[in-house]
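Please open the model in a viewer that allows selection by residue number. The tour below proceeds by selection, with a short account of what is found at each stop.

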Amino acid sequence: MNKIINQFLAEIDNRNSHEPEFMQAVKEVSEDLIPYIVSQDIYHGKNILMRMVEPERVVMFRVNWIDDNGEIRVNRGYRVEMNSAIGPYKGGLRFHPSVNLSILKFLAFEQVFKNSLTTLPMGGGKGGADFDPKNKSDGEVMRFCQSFMTELFRHIGPNTDIPAGDIGVGGREIGYLFGQYKRLKNEFTGVLTGKGVSWGGSLIRPEATGYGTVYFAEDMLNHIGDSIKGKTVTISGSGNVAQYAAEKCLHLGAKVITMSDSSGYIYDKEGINEEKLNHIMDIKNNKRGRISEYVKKYPKAEFIKDKKPWAVKCDVALPSATQNEVNGTDAKTLLNNGCICVAEGANMPCDHNAIKQFKDNKILFAPGKASNAGGVAVSGLEMAQNSLRYSWTREEVDEKLKEIMIKIHKKCLKYGKEKDYVDYGKGANISSFIKVADAMLAQGVV
Ligand code: NDP
């Protein structure tokens, strides 16, 4: 079996050798899927995985804009339309200086599987630009978003491709992008999700990824007769996902002791309570400041510069910042400190070595495609509400989110349950693959 997997990966690597993040995501999925495909007559010999790793379409474009000093700036924009077998392309836009084709292809590839798991009819895509919204004025961000959408608008649509937010793309950016799309098309449609509630957005969408991640951690803990109540939790990141993961931990009676950003992490051994979390939200969302400012108001807490929070002893870890932020050494430290559950809030935050150690030690480990699927699931609910021209209440959306996370957990169990352990990664990969692969087979070689 290893020979077949290695042959497949070598062929993909030949075409994509300069795309390490994409190859990492393909490897992680192939190790679970190839043995399954080989064992199933309907998939074997159809080159189905080869078809899945090739994007249906990639658009790359120039984004010119003028900064506040009147200088002309040039960025690169992208949209990777990965797979539309089960629905229109759906996935976020990332604005970060590190954005490149490898990162967007890995995200789009993961998105295909994640969207399949949500049970909603959504294909997978991802896009963004190497633009850094940090230290830019609102006017600069608006001009960038308008220029970006002036090209992107011809490739997307409410029945074709429906982008959302991701790193660096929050409510402000979605607003500017939506405004420009509406102006260009003269249409008010659900072409983006994560919209403001007064103009087509869904309640609970901002909270959904973080809440969903904690619901999933709770489902895993419940499955072994435990719960997150009373647990000590470390969280990385202090953006959208991290903030609402922290909020839901507090709702469920857990103690959150760390949060971070790209400059370091804060450690508050007394716990980040609701008031302190509101302060973090104010720093990050309104003032667009740094997490280090937390210790000015709460001097008993520490700020640890340029470090990640994984050396802090915890029961549950929720990596919620970015890809590859937990490596093998971090995993070993977490395990030595008694961590029993890791649920990925971010996409691929744990590298291959880290995942291997979590699995070898049989702790609860949820891959992002399962645990952070709540965000895109509520985006799917936003699309449904837009089509119905109707809005569900906060309670209705939260209830649907909880149900979806429970269904995802069940799907992981179906294909990931082993004698004394649940391999959530394998369960998520096989279960999501089946739905997409069956649709592709039914639609012929297209
Ligand atoms: P935000 O931009 O709101 O926040 C990102 C956070 O991560 C910030 O604290 C940021 O710090 C930190 N961060 C970003 N890049 C790095 C880096 N290279 N090194 C260290 N820290 C970094 O993004 P989101 O919260 O929306 O996204 C976080 C993760 O969750 C991403 O992996 C995203 O793909 C994933 N995700 C998001 C969903 C959503 O609905 N938003 C849905 C599913 C997954 P700083 O402020 O210093 O940049």
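## A tyrosine pair in helix H7

Select Tyr211 and Tyr215 to begin; both residues are buried. The model is a predicted one, and the values quoted on this tour are computed from it. The two tyrosines belong to helix H7, which spans residues 205-223, and because they are four residues apart there, about one helical turn separates them.

Now display the two side chains. A pair of aromatic rings is described by the distance of the centres and the angle of the planes. By the pairing rule applied here, the count comes to 20 aromatic pairs. For Tyr211 and Tyr215, the ring centres are 6.3 Å apart and the planes stand at 70°, so this pair is edge-to-face. The cut-off that decides the matter is an angle over 60 degrees, with centres within 6.5 Å.

Keep Tyr211 on screen and add Lys248. What sits over the ring of Tyr211? The charged end of Lys248 does, at 4.3 Å from the ring centre. A second arrangement of this kind can be viewed by selecting Lys105 and Phe22: the charged end of Lys105 sits over the Phe22 ring, 4.4 Å from its centre.

## The ligand and its shell

Next, select the ligand and the residues around it. There are 26 such residues, and those that come nearest are Asp166, Thr209, Ser262, Arg290 and Asn347. By class, the shell is made up of 14 polar, eight charged and four nonpolar residues.

Which elements each supply at least two residues of this shell? Colour H7, helix H8 (240-251) and strand S7 (255-261), since each of them does so.

Three polar contacts merit a distance label:

- Thr209: an N or O atom of its side chain is 2.7 Å from an oxygen atom of the ligand.
- Asn240: a polar backbone atom lies 2.9 Å from a ligand oxygen atom.
- Val241: a backbone N or O atom is 2.9 Å from an oxygen atom of the ligand.

With the ligand still selected, consider its surface. On its own the ligand has 880 Å² of accessible area, and the protein covers 83% of it.

## An aromatic cluster

Select Phe61, Trp65, Phe95, Phe131, Phe144 and Phe148 together; these residues form one aromatic cluster. Within this selection, centre the view on Phe148, which lies in helix H5 (residues 138-152). Is Phe148 buried or exposed? Its relative accessibility is 0%, and it therefore counts as buried. To relate this position to another part of the chain, add Asp315: the C-alpha atoms of Phe148 and Asp315 are 42 Å apart in space, and the two residues are 167 apart in sequence.

## Two asparagines with positive phi

Most residues other than glycine have a negative phi. The next two selections depart from that pattern.

Select Asn135, found in the loop between strand S4 (124-129) and H5. Although Asn135 is not a glycine, its phi is positive, at about 60°. Its relative accessible area is 81%, so Asn135 is exposed.

Then move to Asn186, in the loop between helix H6 (171-185) and H7. Asn186 likewise is not a glycine and has a positive phi, of about 55°. At 73% relative accessibility, Asn186 counts as exposed.

## Further loop positions

Remain in the loop between H6 and H7 and select Val191. With a relative accessible area of 0%, Val191 is buried. Draw a C-alpha distance from Val191 to Ile280: the separation is 31 Å, for residues 89 apart along the chain.

Select Gly170, placed in the loop between strand S5 (161-164) and H6. Gly170 counts as partly exposed, at 30% relative accessibility. A C-alpha distance from Gly170 to Tyr424 gives 29 Å, for residues 254 apart along the chain.

End with Gln323, in the loop between strand S10 (316-318) and helix H11 (328-336). Where a residue counts as buried under 20% relative accessible area, Gln323 is buried because its value is 13%. Which distance separates Gln323 and Met348 in space, C-alpha to C-alpha? It is 4.9 Å, for two residues that are 25 apart in sequence.

Conventions:
Residues numbered from 1 in each chain as written. Predicted model: local features only at pLDDT ≥ 70, side-chain atom pairs only at ≥ 80, totals over all residues. Heavy atoms only, no water. Phe/Tyr/Trp six-rings, centres within 6.5 Å; stacked < 30°, edge-to-face > 60°. Buried < 20%, exposed > 50% of the residue type's maximum accessible area, 1.4 Å probe, protein only. Lys NZ or Arg CZ within 6 Å of the ring centre and 35° of its normal. Near = heavy atom within 4 Å. Polar contact = N/O pair within 3.5 Å; in protein donor to acceptor, adjacent residues only side chain to side chain. Areas by Shrake-Rupley, 256 points an atom, 1.4 Å probe, with all protein chains shown as cover. Nonpolar A, V, L, I, M, F, W, Y, C, P; charged D, E, K, R; others polar.
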